Amino acid sequence: MNAKILVTGGLGFIGSHTVVALQEIGFNVVVIDNLSNSSIEVLEGIVKITQQRPTFEQIDLREKDAVNRFFEKHKDIDGVIHFAASKAVGESVEKPLLYYENNLSTLVYLLQELKKKPNANFIFSSSCTVYGQADELPINENAPVKKAESPYGNTKQIGEEIISDTCKIESGLKAISLRYFNPIGAHPSAEIGELPIGKPQNLVPFITQTAIGMRDELSVFGNDYPTRDGTCIRDYIHVMDLAQAHVEALERLLGDKTETNFELFNLGTGNGNTVLEVINTFQEVTKVNLPYKIIGRRKGDVVAAFADTEKANKILGWKAKRDLSEALKSAWKWQQKLSMGKN
Ligand code: WQD
């Protein structure tokens, strides 16, 4: 019988691509999503790609009893990949309690259920934001975790500490935290992709919405940074590569291959690109002119962040295969599909 995997936030951007990757290699997937930042249409997109309908339960993980009822009903869950969380840096500054409740109490309720099982495997969706502005580039997993610049980043730091402390006394619990750099792109079929609700906070969805005509022009937040062209550097990783990393991490846990029962991996391409390089690459691959203007810096932005991928390459046996051009092409194809079908 194939392992049964719970994916929380499975209708979200990275979650949906991970559900597809899991189904395609035979995992039996159960999705929980509260649809607060996703659409039930995403489930249809997943089915169109894999021809397999994951079990779907609309649950808000803030409801402790609902979480308990779920695990009473699904006693045979072999692993959990936990994406469900609020993730907008700016919003977290405005609504800190929403972020601490939604990102942390839900994590505690999930772990309280997993500790009841003799063996449990848990993958946590974390972020390179825990490093703040790292002292050394590229950034490896030993880089110090710095004081978070936002409640969002703080919830990722605290979340990792909660898992680490729990793993120390729950020997049956094995966990891997995956620290994403900047996820972009979409499934090549354009059946699923990034679905920002309202005005996009992130660069690439803002680019594609500007290119399609939904936005007048892109604002570039500062070009006076100490970088090769004055704009910030990030490690933009294709969401398909990110999804594959979750499969590798899950197989590492299920195969009992972990060296300790709490491991951390940075997930990036290892390459850094400036904002202007992303804009120019987008224009090259799509032949679409992108109107943009340089404005002031955005509070909280770090100058540069890109991953040292050696640990993930050597220990997880995973390496990003897709480059920036392919990711931007897929993001554009998805945006065009969205704008046609208005789905
Ligand atoms: C990238 C670069 C901006 C928008 C955050 C979180 C991270 C993850 C991804 C959730 C920066 C510039 C952006 C725009 C711009 N979050 N930019 N104009 O801030 O690196 O990472 O989102 O999963 O955890 O920290 O991503 O895409 O917002 O910004 O100039 O309209 O693009 O200044 O240099 P960021 P981003």
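These questions and answers go through a predicted model, setting values against cut-offs.

Visitor: What makes the E191 and K337 pair a salt bridge?
Guide: Their side chains come to 3.2 Å, N to O. The limit is 4 Å. The pair therefore qualifies. It links distant parts of the chain, 146 residues apart. E191 lies in the loop between strand 7 (182–184) and helix 7 (203–211), and K337 in helix 11 (residues 324–341).

Visitor: Why is E191 called partly exposed?
Guide: Its relative accessibility is 23%. Partly exposed lies between 20% and 50%, so E191 belongs there. K337, at 25%, is also partly exposed.

Visitor: What makes E259 exposed, and what makes R252 buried?
Guide: Exposed means over 50%, and buried means under 20%. E259 has 62% relative accessibility, so it counts as exposed. R252 has 8%, so it counts as buried. The two form a salt bridge, with the closest N and O atoms 3.9 Å apart.

Visitor: Which residues are joined into one network by salt bridges that share partners?
Guide: K48, E191 and K337.

Visitor: How do you know that E101 and R62 form a salt bridge?
Guide: Their closest N and O atoms are 3.9 Å apart. The cut-off is 4 Å, so the pair counts. E101 is in helix 5 (residues 96–114), while R62 is in the loop between strand 3 (55–57) and helix 3 (64–73). E101 has 42% relative accessibility and is partly exposed. R62 has 31% and is partly exposed. By this rule the model holds 25 salt bridges.

Visitor: How do you know that the span of helix 1 agrees with its residue count?
Guide: Helix 1 covers residues 13–24, twelve residues. At 1.5 Å a residue, they should span 16 Å. The end C-alpha atoms are 17 Å apart, which agrees.

Visitor: Why is helix 1 called mostly covered?
Guide: Buried means under 20% relative accessible area. Eleven of the twelve residues of helix 1 are buried. Among them are F13, H17 and L22. After helix 1 comes G26, with a positive phi near 95 degrees.

Visitor: What makes the approach of N202 to the ligand a polar contact?
Guide: An N or O atom in the side chain of N202 is 2.8 Å from a ligand oxygen. The limit is 3.5 Å, so this pair counts. A side-chain N or O atom of R298 is 2.9 Å from a ligand oxygen. Taken alone the ligand exposes 700 Å², and the protein buries 91% of that.

Technical notes
Residues are numbered from 1 along each chain as its sequence is written. This is a predicted model: local features need pLDDT of at least 70, side-chain atom pairs count only at pLDDT 80 or more; totals for chains, interfaces and linings use all residues. Side-chain values use heavy atoms; hydrogens and water are left out. A polar contact is a pair of N or O atoms within 3.5 Å; within protein, one must be able to donate a hydrogen and the other to accept it, and residues adjacent in sequence count only if both atoms are side-chain atoms. Accessible areas come from the Shrake-Rupley method with a 1.4 Å probe; for residues, only the protein chains shown count as cover. Helices (H or I, at least four residues) and strands (E, at least two) are DSSP runs, numbered from the N terminus. The expected span of a helix is 1.5 Å times one less than its number of residues. Buried means under 20% relative accessible area, exposed over 50%, partly exposed in between (1.4 Å probe, protein chains only).
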